[in-house]
Amino acid sequence: MFGLEALDLARIQFAFTISFHILFPAITIGLASYLAVLEGLWLKTHNDTYRDLYHFWSKIFAVNFGMGVVSGLVMAYQFGTNWSRFSDFAGSVTGPLLTYEVLTAFFLEAGFLGVMLFGWNKVGRKLHFFATVMVAIGTLISTFWILASNSWMQTPQGFEIVNGQVIPTDWLAVIFNPSFPYRLMHMATAAFVATAFFVGSSAAWHLLRGKDNPAIRKMLSMAMWMALIVAPIQAVIGDFHGLNTLEHQPAKIAAIEGHWENKGNEATPLILFGWPDMKEEKTKFAVEIPYLGSLILTHSLDKQVPALKEFPPEDRPNSTIVFWSFRIMVGLGFLMIFTGLWSLWLRKRDTLYTSRPFLYLALWMGPSGLIAILAGWFTTEIGRQPWVVYGLMRTADASSNHSFMQMSITLILFVVVYFALFGAGLGYMMRLVRKGPKIDEGKETNDGGPGQKRTPARPLSAADDDHADAGHSLTKEI
């Protein structure tokens, strides 16, 4: 079918499931820190707007967190079912790293999540704030271990191969491999930026529909400050990440640039647009800017960038895909920076909350951070091909021995179940966003006594009536 083999279907299945999964942790990372900031500001200023926003976004965080956990379990199982030879080869590295993630991050998040979501009127303010901070730290620790494992697959070190298996010899070298610091910062910052535009888009949606209150304005204001500050920082981190990739994975950079061959001692141009043709070994319809490729990638005007023809055809990543996925990511990044700068200009003119053209831009930029994350992830993973562990194990040698029919059936089942389950979850989450924050919805009660809020009989007793109604709606929807 379509010239595909069982290996291709295994790769498509993994790409499909990880594309769903990566969106949820990204928002979880950003929202967890956002909630910690909101509660900290409420404790410091006693401004109830921060409290109202905390209660509003904590509901969305809970739904998103649940979907992230479910989709993450599938990812772990696939290593054993579809990529058993990879697990046999490199499991002594990836297995312990993922175990450390569970023992440190997941246990930390799970231990304090209940207090964070249901303990608002059950524990002291400082203890509740501590729980929120611990959940936020847990999401960042999880990012640390996941990126350590994936980065090792990109730039492996600290090991030796014995009897066809990777044996770790230096765990610090394994964890802090050459690409890890750059990829960790790039991913964590991407999560913050994506969350900022998600929050800002939600505020813009309400303002465009005439729902203007201090909570909505605060949402937009905080989101745009984050965009203004963090989006340019992300561009700088991306530049350093690119230099690191040029050093350790030059074929990936050549594929990203659609650069096939160097001419004499000429500097490398930057191809803005074009269509890399893997069969004809050239980039068609190329629009080039002389010298700019060398300037961006080597920070000089005379050094050349490695070209795809310098590598054997079997070692070249698919330039057609990564060329465009990278440009989607970068293009959205520039739009984010522009949005942040425009918000600053409007803020100075005191029209940030009333400029409809800007609010429409902020609304449509809502999914931009998540799309950029997906584009960046495709660039990273497809650009690593044909290696599953760069330079050590090819993807074709890593898959399990499944038939085309088996992979076809499981892929179809994954698509159907994922769209049904996570479609319902995303739909419910969007319903919560459309409702918007309620003023004074976090009002505290200290009645105490059996059956009262301070002594719930079950976890859902901690939720107010709106929480309960939302829970019934979710049950019906699913």
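In this predicted model, strands β1 (residues 159–162) and β2 (residues 165–168) run antiparallel and are joined by four bridges. One of the pairings sets F159 against P168 in β2. The two strands make up a hairpin with two residues between them, and N163, sitting in the turn, has a positive phi of about 55°.

Turning to the helices, the largest nonpolar core takes in 52 residues. Y34, W57, I60, F61 and M219 are the residues with the most contacts inside this core. Quite a list of helices feeds into it: α1 (6–45), α2 (48–81), α3 (84–118), α4 (125–154), α6, α7 (214–248), α11 (356–364) and α13 (404–435) each give two or more residues. The top contributor is α1, with eleven residues. As for M219, leaving aside residues up to four places away in sequence, its contacts are Y34, L53, F56, W57, V199, S202, A203 and P437. Another core, of 38 residues, lies apart from this one and has A90, M187, W377 and V389 among its members.

Then there is S201, which has its place in helix α6 (residues 180–208). With a relative accessible area of 10%, S201 falls under the 20% cut-off and therefore counts as buried. What does the side chain of S201 have for polar company? A polar atom of that side chain lies 2.8 Å from the backbone oxygen of L363. Beyond four places away in sequence, S201 touches A362 and G366 as well as L363.

Key. Residues are numbered from 1 along each chain as its sequence is written. This is a predicted model: local features need pLDDT of at least 70, side-chain atom pairs count only at pLDDT 80 or more; totals for chains, interfaces and linings use all residues. Side-chain values use heavy atoms; hydrogens and water are left out. Buried means under 20% relative accessible area, exposed over 50%, partly exposed in between (1.4 Å probe, protein chains only). A polar contact is a pair of N or O atoms within 3.5 Å; within protein, one must be able to donate a hydrogen and the other to accept it, and residues adjacent in sequence count only if both atoms are side-chain atoms. Contact means heavy atoms within 4.5 Å. A nonpolar core is a set of buried Ala, Val, Leu, Ile, Met, Phe, Trp, Tyr and Cys residues joined through side-chain atoms within 4.5 Å. Two strands pair if DSSP finds at least two bridges between them.
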